[in-house]
Amino acid sequence: MTNLVMIPAFGCDERLYAEIAPLLPSNVLTSTIICDGDSFETCVEQVLRQAPEEFVILGTSFGGRVALETALAAPERVKGLIVIGSGPGPVADPRAGLRRSERLRAGEAEQVASEMGDMIAHLEGPNGPAARQAFIEMCATVGPDVMTRQSDALAKRRDLRPLLPKLSCPALMLWGVHDKFSPAADGLAMSAAIPRGRYVELADCGHFPSLEYPDETAAAIDHWMEDVGLSPQL
């Protein structure tokens with residue numbers, strides 16, 4: 001049995017992965033951890049407290065950053081890493097991140113979710129509008145307090161690029177070619193910097209492959225896990 005721990009994106013919950021989890025092999029046991037720390041160090045602590053002793057970790061966007069930081073912090077426990085739409089670099093504009101946090105504290109969570117929703121999915125794709133709506137609905141459930149702490153963590157992220165060559169576990173970078181939050185080039189560069197890295201790109205897809213193309217996303221994860229020996233034969 002392989003334990004696959006999934007970390008949702010900013011403002012999201014287990015519904016982000018609801019469509020892909022049933023498509024993975026029965027020998028892959030999935031669980032979701034919603035991290036709500038105001039720093040990535042705190043989020044990593046949350047994961048390590050709740051995760052099995054050994055696990056593969058998958059994360060999207062904010063969750064992808066948590067996954068990467070966890071793999072670096074606990075290489076003896078993390079046997080595989082899947083990052084979706086989250087680059088390893090520092091925050092590009094700290095002021096923008098702090099401004100988002102200020103707006104969330106001021107009661108503008110709905111507006112923030114709507115504005116981000118316009119960029120989350122590739123709206124011209126077949127599932128783009130539905131993915132946008134799903135993101136807005138998840139934000140409403142998760143709530144402004146959690147979103148604010150996650151926003152604070154994002155506004156303080158450090159540069160992890162020098163550490164990527166130290167990752168010894170197999171790693172999959174899974175990206176939508178139309179990702180407006182983290183360019184596909186970030187995923188490609190990260191896969192090249194990680195010794196056992198691999199890059200997979202989904203055409204006509206934005207920031208949320210698991211919502212926009214669940215079948216293709218699950219197939220890419222399944223194939224990679226089997227190929228690198230992380231999915232035991234049934």
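Start by selecting the lining of the largest pocket: its residues divide into 20 nonpolar, eight polar and nine charged. Here Ala, Val, Leu, Ile, Met, Phe, Trp, Tyr, Cys and Pro count as nonpolar, Asp, Glu, Lys and Arg as charged, and the others, Gly among them, as polar. This is a predicted model, where local features need pLDDT of at least 70, side-chain atom pairs count only at pLDDT 80 or more, and totals for chains, interfaces and linings use all residues. Residues are numbered from 1 along each chain as its sequence is written, and side-chain values use heavy atoms, with hydrogens and water left out.

**The pocket**

The largest pocket has a volume of about 900 Å³. To find its middle, pick R100, L154, R157, F181 and S182, which are the closest to the centre among the 37 lining residues. A pocket, on a 1 Å grid over the protein atoms alone, is an open set of points where a 1.4 Å probe fits, with protein on both sides within 12 Å along at least five of seven lines; lining residues have an atom within 4 Å of a point. Grid points are joined across faces, edges and corners, and the volume is the space filled by probe spheres set on the points.

Now colour the elements that give two or more residues to this lining: helix 2 (62-73), helix 3 (94-105), helix 4 (109-120) and helix 7 (184-193). Helix 4 supplies the largest share, five residues. Helices (H or I, at least four residues) and strands (E, at least two) are DSSP runs, numbered from the N terminus.

**Helix 3**

Next, select helix 3. Its twelve residues reach 17 Å from first C-alpha to last, close to the 16 Å expected at 1.5 Å a residue; the expected span is 1.5 Å times one less than the number of residues. Show the side chains of R95 and R105, which are exposed, then turn to G97, S101, R103 and L104, the buried residues of this helix. Look down the axis of helix 3: the buried residues fall within an arc of 160°, so they line one face. That arc is taken from the directions from the helix axis to the C-beta atoms. For these labels, buried means under 20% relative accessible area, exposed over 50%, and partly exposed in between (1.4 Å probe, protein chains only).

What covers the buried residues of helix 3? Helix 4 and helix 6 (144-155) are included in that cover. Contact here means heavy atoms within 4.5 Å. Before leaving, click on G107, just after helix 3, which takes a positive phi of about 90°.

**Helix 2 and the residue before it**

Move to helix 2. The end C-alpha atoms of this helix are 17 Å apart, which agrees with the 16 Å its twelve residues should span at 1.5 Å a residue. Helix 2 is mostly covered, with ten of its twelve residues buried. Among them are F62, R65, E69 and T70. Show the neighbours too: the buried residues of helix 2 pack against strand 1 (2-7), helix 1 (40-50), strand 3 (55-60), strand 4 (78-84), helix 6 and helix 7.

S61 is the next stop, in the loop between strand 3 and helix 2. Most residues other than glycine have a negative phi. S61, not a glycine, has a positive phi of about 55°. Buried or exposed? S61 is buried, with a relative accessible area of 17%.

For another positive phi, jump to D204, in the loop between strand 6 (197-202) and helix 8 (209-212). D204 is not a glycine either, and its phi is about 60°. At 31% relative accessibility, D204 counts as partly exposed.

**Helix 9 and the segment after it**

Select M225, in helix 9 (214-227). M225 counts as buried, at 1% relative accessibility. Leaving out residues up to four places away in sequence, M225 touches T2, V28, V56, L230 and S231.

Follow that last contact to S231, in the segment after helix 9. S231 counts as buried at 9% relative accessibility. With the same sequence neighbours left out, S231 touches T2, P25, N27, V28, M225 and E226.

Finish at V228, also in the segment after helix 9. V228 is partly exposed, with a relative accessible area of 24%. Which residues does V228 touch, not counting those up to four places away in sequence? They are P170, R196 and R198. Draw a C-alpha to C-alpha line from V228 to R196: the two are 32 residues apart in sequence and 9.4 Å apart in space.
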